[in-house]
Amino acid sequence: MRYFIETCTLFIAFITLFACNGNDQKTVNQTPSFIVDANIKDLNYKKAYLADRKDGDFVSLDSCVILNGKFSFTGKLALPEVRYIYFDEGNEVFSIFIENDSIKISGSLLTPEDLKIEGGPTQQLFNEFKATIKTHDDKLNDINNKYDIASSNGNEEELAKIEAEYNAADSIKTNFIADFVKMNKSSVIAPYLSIKYLAISYQLDQLEALFNLFQKEAKSSIYAQRISDRIAVLKSTQIGQKAPEFSMNDSNGNSISLSSFKGKYVLIDFWASWCAPCRAENPNVVAAFKKYNKKGFEVFGVSLDNIKDKWLQAIQKDGLTWTHVSDLKGWGNAVANQYGVSSIPHSVLVDKEGIIIAKNLRGEELIKKLEEVVK
């Protein structure tokens, strides 16, 4: 877990035919174009699952009976895609890049991090990437451990040095990922890594440049499409654009729309009870609300909570006396996705005509902006 953050960040999910070569075998009319053959030692589970991932959850696409540590999946894909393998019990999950080729998995489940996955050219690139990214992640984990030790000693000067060290190492990691993407711009691996590591922190111009970098099948992949979708969302929520209309239910099931605040300045405040930086920012929003509410300023809270009771408890504890809505779907919140929210707290300031005039104003910046526009 990264400690040096001021936001809570989303750790930013074709028609596919499958057949399982096991006891619960299925029939497929077309000749399989990929085959995943696994022979894993110390594998004592009964079933293996091949899955995709959507909105943070695994979606099973096929299952297979395991016989003496062996199982296999076959099928056909239009383009290479990442899939996940997990089992009927246990917490082990590992990812593979499936393409129309032969893929072999071997090793021991006692050391799942050392499982050998051999596949087509995309998997080979994926293996190369994972080997190098692990060295970066190991270094960042070591720095985090140093931070934990220094934190227990309360040495602020030492903590500041470690934070600077972490930020420098994290920057090196990001640069490595960006360079890897550029070197493999014709491969599906490029948009996949971009959407996984880069897209959520990139501004609109950076994201457009990244998308234009992709070539051949990379640009036709589902991952490039997700980047294209995010570009469209960012364009629709830029300063100067009309704020996209939305409606969502409050805690009593009443649908509240953004347009119901027409004629007022509105701060759309994306937050959650579990987000420490959001809770730290709440007193500033409370102060702004108290100062400018009678002059025509409203706050419209959109929560990325999953649990209703914790959401309502945080509202009461923090004294958030404005309108609140949530669909209790966490990062799957429909309005957050509509507005391209990738970290919280995230805020959008809308004027009386519904035009976005500022984003992510915090503390005194929010007060100064309201002092300027609310008369």
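D42 is partly exposed in this predicted model, with a relative accessible area of 39%. The residue sits in the loop between β3 and β4. Its backbone is unusual. Most residues other than glycine have a negative phi. D42 is not a glycine, yet its phi is positive, at about 60°.

L43 belongs to the loop between β3 (34-41) and β4 (47-54) as well. Here the exposure changes. L43 has a relative accessible area of 7%, so this residue is buried. The cut-off for that label is a relative accessible area under 20%. D42, at 39%, is partly exposed because its value falls between the limits of 20% and 50%. L43 can also be compared in position with K295. The two are 252 residues apart along the chain. Their C-alpha atoms are separated by 66 Å.

A positive phi also appears at N68. The angle is near 55°, and N68 is a residue other than glycine. N68 lies in the loop between β5 (57-65) and β6 (70-76). Its relative accessibility is 78%, so N68 counts as exposed. The cut-off for that label is over 50%.

A further backbone feature occurs at P345. Most peptide bonds are trans. The bond from I344 to P345 is cis, with omega near 5°. P345 is placed in the loop between β16 (343-344) and β17.

P345 also takes part in the largest cavity. Which residues lie nearest the centre of this cavity? They are D269, E281, P345, S347 and L361. The full lining has 14 residues. The volume of the cavity is about 100 Å³. Three elements each supply at least two lining residues: β13 (265-271), α7 (276-292) and β17 (346-350). Helix α7 gives the largest share, with 4 residues. Sorted by class, the lining holds 7 nonpolar, 4 polar and 3 charged residues.

Three helices were examined for cover or position. The first topic is α3. Helix α3 spans residues 189-198 and is mostly covered. Of its 10 residues, 8 are buried. Which residues of α3 are buried? They are I189, A190, P191, Y192, L193, S194, I195 and L198. In general, an α-helix has 3.6 residues a turn, so residues three or four places apart point the same way.

The next topic is α10, which covers residues 364-373 and contains I367. Is I367 buried or exposed? Its relative accessible area is 14%, so I367 is buried. The limit for that label is again under 20%. I367 and L267 are 100 residues apart in sequence. In space, their C-alpha atoms are 12 Å apart.

The last helix is α2, which runs over residues 156-183 and includes E165. E165 has a relative accessibility of 31%, so it counts as partly exposed. E165 was also compared with E365. The pair is 200 residues apart in sequence. From C-alpha to C-alpha, the separation is 29 Å.

The whole chain gives the setting for these details. How many helices and strands does the protein chain have? Its secondary structure comes to 10 helices and 18 strands. The C-alpha atoms fill a box of roughly 70 × 55 × 40 Å, taken along the principal axes. The chain has 375 residues, and 47% of them count as buried. Its accessible surface comes to about 19100 Å². Carbon and sulfur atoms account for 48% of that surface. Charge was also counted. The protein chain has 44 positive and 48 negative side chains. The centres of these two sets lie 4 Å apart.

How values were computed: Residues are numbered from 1 along each chain as its sequence is written. This is a predicted model: local features need pLDDT of at least 70, side-chain atom pairs count only at pLDDT 80 or more; totals for chains, interfaces and linings use all residues. Side-chain values use heavy atoms; hydrogens and water are left out. On a 1 Å grid over the protein atoms alone, a cavity is a set of points where a 1.4 Å probe fits but cannot get out, and a pocket is an open set with protein on both sides within 12 Å along at least five of seven lines; lining residues have an atom within 4 Å of a point. Grid points are joined across faces, edges and corners, and a volume is the space filled by probe spheres set on the points. Ala, Val, Leu, Ile, Met, Phe, Trp, Tyr, Cys and Pro count as nonpolar, Asp, Glu, Lys and Arg as charged, and the others, Gly among them, as polar. Buried means under 20% relative accessible area, exposed over 50%, partly exposed in between (1.4 Å probe, protein chains only). Accessible areas come from the Shrake-Rupley method with a 1.4 Å probe; for residues, only the protein chains shown count as cover. Lys and Arg count as positive and Asp and Glu as negative; His and the chain ends are not counted. The place of a charge is taken as NZ of Lys, CZ of Arg, CG of Asp or CD of Glu.
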